[in-house]
Amino acid sequence: ALIYYDMAPAGSGATRDEIQFKKGYAYFVTKQFPRAKGAFAGLKENTRSDWYYPSNYYSGCCSFFEGKYDEAEKSFKRCEQSDKYKQSVPYYITQIYAAKKQYDQVIAYGEPKTKSADLKNKAEINQLVGQAYYEKGDYKKALPFLEFAASNGVQLRPADYYQLGYTQYQNAAYKPAIENFEQLTKQDSLLGQNGLYHLGDCYLKTKN
């Protein structure tokens, strides 16, 4: 597609914009993120273009994958006004705040989104909000978000099992904590050792 788009006459107006967007999209899919952003650059500033929101969305994705979070946030925020993208971008924006360790922002932005019925990646946003409360040491508030994520399809890594188990442990929910700490028994690491310690204490608390 890129070969033929490069051969196409530049054109003007709607045709030019369509070619420019589709070139950018082709660069995006082939992971040529700087070139993709270059193609989207003019379109994402033109609010009258049909490609304004798509260009901001995919430019934001490029910046996100490059770790350029401030750029990505700016583009994604624009897409919140789009019917097509407003259900997709909250997950990226919440991830950006988490990556920047802005836990208050994760909570302020992400928690209201968890109440939206038709949001994409709702379980993952719940997990990010729960992790933010966990990092702030508020285990009572963290618990429902982390449990929602775990029971709604989020793939848990060892660190996630530990966070969930420790949060349950802090809330005296020892039986479910045992189930999560038991996932760490084969982890030969500091995380695994901490998990074993708290697992042992859970067994004591449940008189086992």
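Helices, in the sense used here, are DSSP runs of at least four residues, numbered from the N terminus. In this predicted model, the largest share of the lining of the largest pocket comes from helix H8, which contributes four residues. The pocket itself holds about 160 Å³ of space, and the residues that line it are Tyr-91, Gln-95, Glu-124, Gln-127, Leu-128, Gln-131, Gln-155, Arg-157 and Asp-160. Two or more lining residues are given by H6 and by helix H8, the latter spanning residues 122-135. Sorted by class, the lining of this pocket comprises two nonpolar, four polar and three charged residues.

Besides this pocket, a search of the whole structure finds one cavity of 30 Å³ or more. The largest cavity has a volume of about 50 Å³, and its lining is made up of Gln-127, Gln-131, Leu-146, Ala-149, Ala-150, Leu-156, Asp-160, Gln-163 and Leu-164. At least two residues of that lining are supplied by each of H8, H9 and H10. By class, five residues of the cavity lining are nonpolar, three are polar and one is charged.

Asp-160 appears in the lining of the largest pocket and also in that of the largest cavity. This residue belongs to helix H10, which covers residues 158-170. Asp-160 counts as buried because its relative accessibility is 5%, a value that falls under the 20% cut-off for burial. When neighbours within four places in sequence are left aside, Asp-160 is in contact with Gln-127, Gln-131 and Gln-155. These three glutamines are likewise among the residues that line the largest pocket, and Gln-127 and Gln-131 are among those that line the largest cavity.

Glu-147 lies in helix H9, which runs over residues 139-150. With a relative accessibility of 31%, Glu-147 counts as partly exposed. Once residues up to four places away in sequence are excluded, Glu-147 touches Leu-164 and Gln-168; of these, Leu-164 is one of the residues lining the largest cavity. The C-alpha atom of Glu-147 is separated by 50 Å from that of Tyr-4, a residue that is 143 residues apart from Glu-147 along the chain.

Aromatic side chains form 30 pairs in the structure. In one of these, Phe-76 and Tyr-92 are stacked, with 4.8 Å centre to centre and 10° between the planes. Because Phe-76 lies in helix H5 (residues 69-79) and Tyr-92 in helix H6 (residues 89-99), the pair ties together parts that are 16 residues apart in sequence. Phe-76 and Tyr-92 are both buried. Another pair, formed by Tyr-169 and Phe-181, is edge-to-face, with a centre-to-centre distance of 6.5 Å and an angle of 70° between the planes. Here Tyr-169 lies in helix H10 and Phe-181 in helix H11 (residues 174-181), so that parts twelve residues apart in sequence are tied together. Tyr-169 and Phe-181 are buried as well.

In helix H7, which spans residues 103-113, the buried residues are Val-106, Ile-107, Tyr-109 and Gly-110. The elements that cover these buried residues include H5, H6 and H8. H6 and H8 are also the elements that give two or more residues to the lining of the largest pocket.

The structure holds zero disulfides. For Cys-62, the closest cysteine sulfur is that of Cys-61, and the distance of 7.1 Å between the two sulfurs is too far for a bond, given that a disulfide requires sulfur atoms within 2.5 Å. Cys-62 is buried, with a relative accessible area of 0%, and Cys-202 is buried with a relative accessible area of 0%.

Positive phi values occur in two loop residues considered here. Lys-31, a residue other than glycine, has a phi near 65° and is placed in the loop between helix H2 (13-29) and helix H3 (33-40). Its relative accessibility is 63%, so Lys-31 counts as exposed. Ala-172 has a positive phi of about 60°, although this residue is not a glycine, and Ala-172 is located in the loop between H10 and H11. The relative accessible area of Ala-172 is 46%, which makes this residue partly exposed.

Terms used
Residues are numbered from 1 along each chain as its sequence is written. This is a predicted model: local features need pLDDT of at least 70, side-chain atom pairs count only at pLDDT 80 or more; totals for chains, interfaces and linings use all residues. Side-chain values use heavy atoms; hydrogens and water are left out. Buried means under 20% relative accessible area, exposed over 50%, partly exposed in between (1.4 Å probe, protein chains only). Contact means heavy atoms within 4.5 Å. Rings of Phe, Tyr and Trp (its six-membered ring) pair if their centres lie within 6.5 Å; planes under 30 degrees apart count as stacked, over 60 as edge-to-face and the rest as tilted. On a 1 Å grid over the protein atoms alone, a cavity is a set of points where a 1.4 Å probe fits but cannot get out, and a pocket is an open set with protein on both sides within 12 Å along at least five of seven lines; lining residues have an atom within 4 Å of a point. Grid points are joined across faces, edges and corners, and a volume is the space filled by probe spheres set on the points. Ala, Val, Leu, Ile, Met, Phe, Trp, Tyr, Cys and Pro count as nonpolar, Asp, Glu, Lys and Arg as charged, and the others, Gly among them, as polar.
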